[in-house]
Amino acid sequence: MRNVVIGFLGTQLDIGRNRGWRPSVELTRHADFAVDRFELIHDQRHVGLARQVMKAIAAVSPDTEVRLVQIDMRDPWDFQEVYGKLFDFAKDYGFDEDRERYHVHLTTGTHVAQICWFLLTESRHIPAKLLQTGPPRGDALPHGSIDIIDLDLSRYDALQQRFDAVSRESVSLLKGGIESETPVFNAMIERLEFVASHSDAPLLLLGEAGSGKSRLAQQIYELKLQRRRVKGRLVQVNAAGLRGPQGMVALIGQRRSVMGIAGTERAGLLREADGGVLFLEGIEALEPDAQALLVQVLEGGRYYPLGSDSEVSSRFHLIASAAVDLAVLVAEGRLRADLFALLHQWSFRLPPLRARRDDMAAHLAHQRGLAERALGRSVGFNADASARYLRFARDPGTIWAGNLRDLAASVQRLCTLAERGRVTLVMVEEEIAVLTAQWQGVVRDGDIALLAEVVARPEGLDEFDRAQLAAVIRACRETPNLSAAGRRLFAASRAEKASQNDADRLRKYLARFGLEWAAVQGG
């Protein structure tokens, strides 16, 4: 493999003013680093010096081929110009990594050039290692020092460990400090952490009511604040509250009193979110005019407040949440397709609480801590009470219709009623009865709404079939594939079957209602 060095002519250093040390020349004299070719970049004004350096290299390292590359720049301190010229150089170069190893010499050139070299090598536009040289220090290094920096951080264990630690802290922040044993949730959070740390594009959080979208949006804001991606505040608003003329005023503000609308000067939510994060809860409730305005601001960053003849600007990171399938709203004409496209660039679905049964102990401990802080006293669960509550919480038949809101309310009730600071088994049994009664009506109405997504006339099904089919559809939507759903649904009866083809059993059950796996997976 041939060593190729790419570097700027040092218009000051290569003259030899630093005790005769000329970095471009001395680089080629290192016995343990043979330079087979040197791409020496210069401009028209210093072509004479470039030829002198070329001649000097030929004298000390005859085997080194020197190519003079002329790149003229009006201002070598202008970042845009320098980066653009070096980017074009890299694009046209024709790197041959099978035969050559490339190194970028950082010692010469302006600080702007050094930054551009780093960006181009880090992004692999230039497939090179960075090379830093230094002047001689005593007799040990007569030609100066030479250091090769490989941007593959996997080679630097200590640095990689520090980056990993920061990433783990960020993931923990997004989880609210609650450790999770649910693979789907963990994978979603890790992807979200990376996207929120590196992108300013809108984020869409999907999930059932009470699944934690609002809390997660606040944690995303904290992460962006830590990573210095935002400087402004978090502005949180429910889209259902932005209806009618007053809702539009709340969104865009008004400059002065407008006929027919009370109030005078108002900044508006978009202006308040400038430089920060705008969190729009329940974006499916946003009215058409507000949708059009949001698209305009997201794409252009400018809009007219009510009663104003001049535009104002607002740049913010948008986080939106929805509890319904937005694609259905687009098909029904209730959501603009361009807004859906902007939102759906990065979408993350939070699993419902019933799909996170392995995390119940962690959630119970977290909610108990919140209740203790609210009550101002310590509360504990008796061992049998804790075991019974967790058994109920993890049971596949426990639907947690309100998700984390139901769990939070339940634990708050138990802790409040804990007379001597202890939650007993009797108290837990009473709480389970309360939750079961609470969910009965929800299940009936929820089953009809769920079945309406996949069956033409759910009211025409027997009550028994409605309940059973709704449970099957929920299981299908909470599992990754047909086989996994079958294993969950037929866990008890599998042992009694000669053939344990759970996927086939589930497929035949769905076929009774004219359904296929793809049809029940939506939503």
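The following conversation goes through several labels attached to this predicted model and asks what supports each of them.

Colleague: Let us begin with the surface, then: what makes F79, I115, F118 and L119 a nonpolar patch?

Modeller: Those four residues form a nonpolar patch on the surface with about 340 Å² of accessible area together, and the label requires that each member has over 30% relative accessible area and no salt bridge, with nonpolar side chains joined within 5 Å. F79 stands at 38% relative accessibility, which is on the accepted side of that 30% cut-off.

Colleague: Which helix gives the largest share of the nonpolar patch, and where does F79 lie?

Modeller: Helix α4, residues 111-122, supplies the largest share with three residues, while F79 lies in helix α3, residues 79-93.

Colleague: Why is F79 called partly exposed?

Modeller: The term covers values between the buried limit of 20% and the exposed limit of 50%, and because F79 has a relative accessibility of 38%, it counts as partly exposed. W77, placed in the loop between β3 (65-70) and α3, has 52% relative accessibility and therefore counts as exposed, the requirement being over 50%.

Colleague: Turning to charged pairs, how do you know that R124 and E97 form a salt bridge?

Modeller: The closest N and O atoms of R124 and E97 are 3.0 Å apart, and since a salt bridge needs a side-chain nitrogen of Lys or Arg within 4 Å of a carboxyl oxygen of Asp or Glu, the pair qualifies. This pair links distant parts of the chain, with R124 in the loop between α4 and β5 (128-134) and E97 in the loop between α3 and β4 (100-105), 27 residues apart. E97 has a relative accessible area of 43%, so it is partly exposed.

Colleague: What else is notable about the backbone of R124?

Modeller: R124 has a positive phi of about 70 degrees although it is not a glycine. That deserves a remark because most residues other than glycine have a negative phi. W400, in the loop between α14 and α15, also has a positive phi, of about 45 degrees, and is likewise not a glycine; with a relative accessible area of 0%, W400 is buried.

Colleague: Why are D504 and K508 said to be separated by about one helical turn?

Modeller: The two residues are four residues apart in helix α19, residues 502-511, and that spacing is why the separation is described as about one helical turn. D504 and K508 also form a salt bridge, with the closest N and O atoms 3.1 Å apart, to be set against the 4 Å limit. Their exposure labels are not shared: D504, at 25%, is partly exposed, whereas K508, at 55%, is exposed.

Colleague: What is the setting of the salt bridge between E39 and R37, and are these residues buried or exposed?

Modeller: The side chains of E39 and R37 meet at 2.9 Å, N to O, and both residues are buried, a label reserved for values under 20% relative accessible area. E39 and R37 also belong to a network of salt bridges that links them with R2, E65, R67 and E100, and the structure as a whole holds 26 salt bridges.

Colleague: Now the helices: why are α8 and α10 called roughly parallel?

Modeller: The axes of helix α8 (residues 244-252) and helix α10 (residues 288-300) come within 10 Å and cross at roughly 15 degrees; angles under 35 degrees count as roughly parallel, and α8 and α10 therefore receive that description. Their crossing is right-handed.

Colleague: What makes α13 oblique to α14?

Modeller: Helix α13 (residues 360-375) and helix α14 (residues 383-394) pack at an angle of about 120 degrees, with their axes 10 Å apart. That makes α13 oblique to α14, because 120 degrees lies outside the 65 to 115 range for roughly perpendicular and is not over 145, as roughly antiparallel would require. α13 passes α14 in a right-handed crossing.

Colleague: Finally, how do you know that L404 is buried?

Modeller: L404, which lies in helix α15, residues 404-417, has 10% relative accessibility and so counts as buried, the limit being under 20%. The C-alpha atoms of L404 and H363 are separated by 8.7 Å, although the two residues are 41 residues apart along the chain.

How values were computed: Residues numbered from 1 in each chain as written. Predicted model: local features only at pLDDT ≥ 70, side-chain atom pairs only at ≥ 80, totals over all residues. Heavy atoms only, no water. Patch = residues over 30% accessible without salt bridge, like charges linked within 9 Å, V, L, I, M, F, W, Y side chains within 5 Å. Areas by Shrake-Rupley, 256 points an atom, 1.4 Å probe, with all protein chains shown as cover. Buried < 20%, exposed > 50% of the residue type's maximum accessible area, 1.4 Å probe, protein only. Axes fitted to C-alpha atoms, helices over the stretch in contact; angles between N-to-C directions. Left-handed = near helix turned anticlockwise from the far one by under 90°.
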